[in-house]
Structures are given as C-alpha cells and as structure tokens.
Amino acid sequence: MIRRAVGVESDMLTSISFAAKRYWKYPKEYFDVWKDELTITVDYINQNEVYVAKVEGVVVGFISIVKVKDDFQVEEFLIRKGFWLDHIFVHPDFIGKRVGSELISFAKELCRKKNIACLHILSDPNAIGFYNRVGAQFIEEVPSNIKGRFVSLYKLPIIST
C-alpha cells in the first residue's frame, strides 16, 4: 500500500534514508556530508509530494518528488528547473522485494495525473541498475557533493495513457 506521508513520520523516514544508505557501506565521512540531505523534516513532507510504502502495516520505504522553480547551482552542478525524483529509499530488509519498483510505478501514475512529462534523477551509483530497469534514461555523469565522486543524471519519461 502506498499513501501520502504525514509530518509525524519525519523521524521514521529519516531513519529509513540513513539505513538504506548504510546498506551500501559508505564511509562515515559521507554521512557527515549527507546529513541534511538524508534528514526528512516535517516541512519537507508538507511542502513536497512525499509518499510512503507500507508492507503489513509497516512503513518500509518512501518516495518524494519536488518541483524546482528556478535553475540553481550546487557546487559544480546546475540543477535545472522542473520536477525531480528527490528521494526513493527502501529499508534494507525490503531491498530487492519490489517495493522500489512499486514506488516508481506509483510516481509515474501520480505524474500522469499532474501532467508532469518527466522526472529528473540524480542516482546513487548503487542504484544505476534499478533506474535502468524502471525505464529511466541515462543523461550524463555529474559531480557529487562529495569531492572526487560522481553520480548519474537520469531522466524518467512519463508516458501518457
């Protein structure tokens, strides 16, 4: 089941985002850089499209879509205006069990209803295979917010039905 997130779930979603990143055994220093990015606040939930996936009544993952109103620079990378899949995190116990795919299917349907043509995605290197499987199109490698590291920029087209 997928439903809209509520503000009181901010700590739980933050916990899931950190757990999902830890699954890939990144160095502790990376988490110092990612602290704000991985922290999901009540304001973030209230201001964006944030949805949770539940299995047997327990929240096991979430997805968020944000609208960027104007281009802006982050370090060496220009974030373009448009719609972005900002977060998709699944608790490690549920990675590989179709929760992420279901969240993407839900996001595509939501975007169709809102006439959003595509979502831009900055992909963690460990998620490249996932994004390829769900039909995202690789654009280019771009600098990460961690010096000397790169991430993949993708576009996920939303096909009208």
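Start by selecting Glu56, which sits in the loop between β2 and β3 (58-68); helices here are DSSP runs of H or I with at least four residues, strands are E runs of at least two, and both are numbered from the N terminus. This is a predicted model, so local features need pLDDT of at least 70 and side-chain atom pairs count only at pLDDT 80 or more, while totals for chains, interfaces and linings use all residues. Numbering runs from 1 along each chain as its sequence is written, and side-chain values use heavy atoms, with hydrogens and water left out.

**Two positive phi values**

Stay on Glu56 and check the backbone: phi is near 50°, a positive value in a residue other than glycine. Most residues other than glycine have a negative phi. Glu56 is exposed at 81% relative accessibility (exposed means over 50% relative accessible area, buried under 20%, and partly exposed in between, with a 1.4 Å probe and protein chains only).

Now jump to Arg98, in the loop between β6 (82-90) and α4 (99-113). Arg98 is not a glycine, yet its phi is positive too, at about 75°. Its relative accessible area is 52%, so Arg98 counts as exposed.

**Glu49 and its neighbours**

Next, select Glu49 in strand β2 (residues 49-55). Is Glu49 buried or exposed? At 18% relative accessibility, it counts as buried. Show the side chain and look for two polar contacts, meaning N or O atoms within 3.5 Å, where within protein one must be able to donate a hydrogen and the other to accept it, and residues adjacent in sequence count only if both atoms are side-chain atoms. One goes to the side chain of Arg4 at 3.2 Å, the other to the side chain of Tyr51 at 2.8 Å. Widen the selection to contacts (heavy atoms within 4.5 Å) and, leaving aside residues up to four places away in sequence, you pick up Arg4, Ile63, Ser64, Ile65, Leu110 and Lys114.

**Salt bridges**

How many salt bridges does the structure hold? There are eight, each a side-chain nitrogen of Lys or Arg within 4 Å of a carboxyl oxygen of Asp or Glu.

Go to Asp124 and Lys21, whose side chains meet in one of these, at 2.6 Å from N to O. Asp124 lies in the loop between β7 (118-123) and α5 (128-133) and Lys21 in helix α1, so the pair ties together parts that are 103 residues apart in sequence. Asp124 is buried at 13% relative accessibility, and Lys21 is buried as well, at 10%.

Keep Asp124 selected and add Arg149: their side chains also meet in a salt bridge, at 3.7 Å from N to O. This pair links distant parts of the chain, 25 residues apart, with Arg149 in the loop between β8 (137-143) and β9 (150-157). Both Asp124 and Arg149 are buried. Shared partners also join Arg4, Glu49 and Lys114 into one salt-bridge network.

For a pair within one helix, pick Lys28 and Asp32, with their closest N and O atoms 3.3 Å apart in a salt bridge. Both lie in α2, four residues apart, about one turn of the helix. Lys28 is exposed at 59%, and Asp32 is exposed at 51%.

**Along β7**

Select β7 and follow its side chains. Leu119, Ile121 and Ser123 point to one face and are buried, while Cys118, His120 and Leu122 point to the other and are not. In a regular strand the side chains alternate between the two faces of the sheet. Add β9: it runs antiparallel to β7, and six bridges join the two (strands pair if DSSP finds at least two bridges between them). Ser123 stands opposite Ser152 in β9.

**Leu38 in α2**

Now find Leu38 in helix α2, buried with a relative accessible area of 1%. Its contacts, not counting residues up to four places away in sequence, are Thr14, Ser17, Phe18, Lys21, Phe31 and Phe89. If you draw a C-alpha to C-alpha distance to Ala117, 79 residues away in sequence, you get 26 Å.

**Last stop: a surface patch**

Finish at Tyr23, in the loop between α1 (10-22) and α2 (28-38). Tyr23 is partly exposed, at 38%. Add Trp24 and Ile95 to see a nonpolar surface patch with about 260 Å² of accessible area together. Patches use residues with over 30% relative accessible area and no salt bridge, joining like charges within 9 Å and nonpolar side chains (Val, Leu, Ile, Met, Phe, Trp, Tyr) within 5 Å. The areas come from the Shrake-Rupley method with a 1.4 Å probe, and for residues only the protein chains shown count as cover.
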